[in-house]
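Please open the model in your viewer and keep the sequence panel beside it, so that selections can be made by chain and residue number. The tour below moves from one selection to the next.

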Amino acid sequence: MNFVNRAFKNVTRKMSKSILLTLTFFLIGNLVIIGLGVSNASNSAKILTRKKMRAVVTYSLDYNKIWQYMDSIEDEDEREEFYNNYPRITLGEAEEFLKDTRVKTANAVSTNMWYMDHMKSLDFVHLNNQAEESYDGEGNCWIDDDGKERCYKSPTFLIKSNMFSSMIEFEDGEFKIVDGRFYNDNEINSGDLVCVISENLADYNGVSVGDDIRLSFAGTTFGGMEMSDDDTEAVFEVIGIFSHNHPITPDSSNFNYCAPYENPDNMIFMPTTSTYMASLAYNQKIFDYNREQNPDDEYYDEEKRPTEENMMENTYIENVTLLLSDPLDVDKFVEDYKNQLSQFTSLDANNEEFKKLAKPLDTLSMYANFIVSLVVINAVVIISLVTALTLKTREYEIGVLLSIGASKFKVIAQFFIELALVAILGFSLSVISGSLIAKKIGYKVLEYQIASSDIEEEDDSFDYYGEFDPWSTNYATEITLDDLVDEYEVTVSPLIIAEIYILGLGIVFISVIIPSFMIMRYNPKKILMNTN
Amino acid sequence: MAEILRLENINYSYIDGGYERQILKDLSYSFEEGRFYTVLGPSGSGKTTLLSIIAGLDTANSGEIYFNGQNVKELGLYRYRRNAISIVFQAYNLISYLTAVENVLLAMSETDNKLPADRKTVAYNLLSRFGIVRSKADRMVNQLSGGEQQRVAIARSLASNVNLIFADEPTGNLDTATEKEIIAIFKELSHDFGKTIIVVTHSDTVSQMSDQRVLLKDGKLHTL
């Protein structure tokens, strides 16, 4: 007749007490399951939606801070000094982030419109749309006041250049290398004239990996300067060919108005340093011309002349978008680096909209957790009281057990097992009913919460580029409230069931331990004298 | 006969209404193996207190208790209660949701003393020896009469195979005939089985049937 056996006999032979306690635990279990179910569904919906979003963090200048600082400067010289040393994002800072194992790759992208060369050796992929009817790629020519023919060239290609040897677009499968390769660090560092073109552009022009293509990066006139075609054109080696999943078709929202350079087929990827090197001679000519015209202007001092050596210093990075491996790391990543940022830079997790939309779920989760906490506290109090009253009637039994040498541990263990048995039964029953109730209540409260939260979604009625904007350097995924609601599913997972039992046994433990010690602090004689 | 229990300079007092009440005062006494003792004394003399202290249910303010020559403090009160002694109470103190035989098995499960393997059979035999037949042994204890419950309590006290049994007014709730039966059992246990029985009682009938009557007076035990 060990303590486990005694506990079992007490439960089975004192039926009315056991049924009442089972019912109590059943009710507690239902409330906790509903609370945990709703809270879990809210959190899961947020996690699943967040996982669907791109894990991007943007490192950029914080213009608000810069403007505030500038406003605070009263001294003119000091302000001039600040302008001369205007804050900028450096490649070194971006490379520091890349050392973090959570970062997959980074985009420090510049976007430029380039042109066909004067021989039109590389033609753009035609859509034969309305935009092309008034746009033949030759541009407009006119005779100026001096009687010279001036031509405005129409851009045909979009050059996307990066400072890193992989890009977010290629990492997440939007764009895929189908032949050759992407440019590497050596090519970035030396500014080699290499590029990656689209499959359609390659096919259209019969170009393969290893071939050279000629591109024009500027018009032949600049201010009063005359430029030759050679000045404004450069030859690039095609090192890779890509495919993409953003085809422009007659069904596309912007089909008729899509300029050639807005067609992803006419997008060309190359290192930012390649664009610098390609236009170096051109930029030097302009610099020299301007220095000649403005000999006293400090801006045109010799050390500021663009050269191969100062390529990196002259490569301007507007912002850096970091792609993390796990979307759930984004907030933590920003938090980790928050205190290491320089005065005028910021890290943005790009999830303000997500947080705004997730507010009803946050509120729901908060209320659900509050209810669970309240129920648990009440359960501890109620069960403790019930146990205390029950134990009071069993003081004599405690006295007898102690008088025959049973240890206090065994006595408490017996009471614990008794309560645990009915708790397990009550909670097991509540798992069945609770999951059904949680589902019904869960969706109702979410509906109510959304209705009362007064969320205004951003108006996206006009979306010129549809789902792919060739100009965009914002890689964050846009989400809607529906995305979140779609992921909201109230289920009683094995984890919740485990939580229920752990919580329940915790309640039982606390409920038994407190009244037990109230009785056990007496010696057996006092317990027996009290009862006798 | 060999000494089984020795009390040395036991003192016990408590504060009552701001005054200290000395119940036991330098009490020393020795109990021998296989004898049936009755402790007598007027109400309030401290008989039950004495029993509680020597049974390890309470502790004295000072003094030592030796069981078979070993200090009970060194033995530990839990182990002393579990393996050395057993107690029969006036109110039987059986566990109400257990049957008679389960109450006997309860004592067996707690002791560290060596017991026969087939404990259930032993428990039934013990009960049977005290007149609790099988059909009654399987009943819940509150379905038994007072005398039967006290017999179950005595059977439980023997179940852990100890040699020292204390009883506090064991016949207080019983009629005269049953009282005599219970005392006869105690006598049998001491004389035939070598158990030492120490009974606290008011009853002359009980005391007259014991081997040794001891009077608790002025905080000390006096052999009569």
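**The nonpolar cores**

In this predicted model, begin with the largest nonpolar core, which has 130 residues, and select B:Val104, B:Leu127 and B:Val152, the residues with the most contacts inside it. Then select residues 408-453 of chain A, helix α17, which gives the most to this core, with 14 residues. As a background to this view, nonpolar side chains in soluble globular proteins tend to be buried together.

Stay with this core and centre on B:Val152: leaving aside its neighbours within four places in sequence, B:Val152 is in contact with B:Leu94, B:Ala100, B:Asn103, B:Val104, B:Leu127, B:Ile132, B:Val141 and B:Leu144. For the next selection, take A:Trp114, A:Phe124, A:Leu127 and A:Ile241, which are included in a second, separate core of 59 residues.

**A helix pair in chain B**

Return to chain B and display helix α4, residues 100-110, together with helix α7, residues 146-159; the two pack at an angle of about 25 degrees, with their axes 7 Å apart. Because angles under 35 degrees count as roughly parallel, α4(B) is roughly parallel to α7(B). If you turn the view to follow the pair, α4(B) passes α7(B) in a right-handed crossing.

Which residues make the contact between these helices? On the side of α4(B), select B:Ala100, B:Asn103, B:Val104, B:Leu106, B:Ala107 and B:Met108, and on the side of α7(B), select B:Val152, B:Ala155, B:Arg156 and B:Ala159. Coloured by class, the contact of α4(B) with α7(B) shows eight nonpolar residues, one polar residue and one charged residue.

**Where the chains touch**

Now show both chains and select the residues through which they touch: 18 residues of chain A are in contact with 21 residues of chain B. On the side of chain A, the elements that give two or more residues are α1 (3-13), α16 (395-403) and α20 (524-531), and α16(A) supplies the largest share, four residues. Coloured by class, this side of chain A has six nonpolar, seven polar and five charged residues.

**Chain A as a whole**

Finally, hide chain B and look over chain A, in which there are 20 helices and 15 strands. Of the 532 residues of chain A, 34% count as buried. A contact map of the chain would be a useful companion here, since among contacts in chain A between residues at least 6 apart in sequence, 84% join residues at least 24 apart.

Note on methods
Residues are numbered from 1 along each chain as its sequence is written. Chains are lettered from A and ligands numbered from 1 in the order in which they are written. This is a predicted model: local features need pLDDT of at least 70, side-chain atom pairs count only at pLDDT 80 or more; totals for chains, interfaces and linings use all residues. Axes are lines fitted to C-alpha atoms, for helices over the stretch in contact, and angles run from 0 to 180 degrees between N-to-C directions. Angles under 35 degrees count as roughly parallel, over 145 as roughly antiparallel, 65 to 115 as roughly perpendicular and the rest as oblique. A crossing is left-handed if the near helix is turned anticlockwise from the far one by less than a right angle, and right-handed if clockwise. Two residues are in contact if their C-beta atoms, placed from the backbone, lie within 7 Å. Ala, Val, Leu, Ile, Met, Phe, Trp, Tyr, Cys and Pro count as nonpolar, Asp, Glu, Lys and Arg as charged, and the others, Gly among them, as polar. A nonpolar core is a set of buried Ala, Val, Leu, Ile, Met, Phe, Trp, Tyr and Cys residues joined through C-beta atoms within 7 Å. A residue is buried if 20 or more other C-beta atoms lie within 10 Å of its own, exposed if 12 or fewer, and partly exposed in between; C-beta atoms are placed from the backbone.
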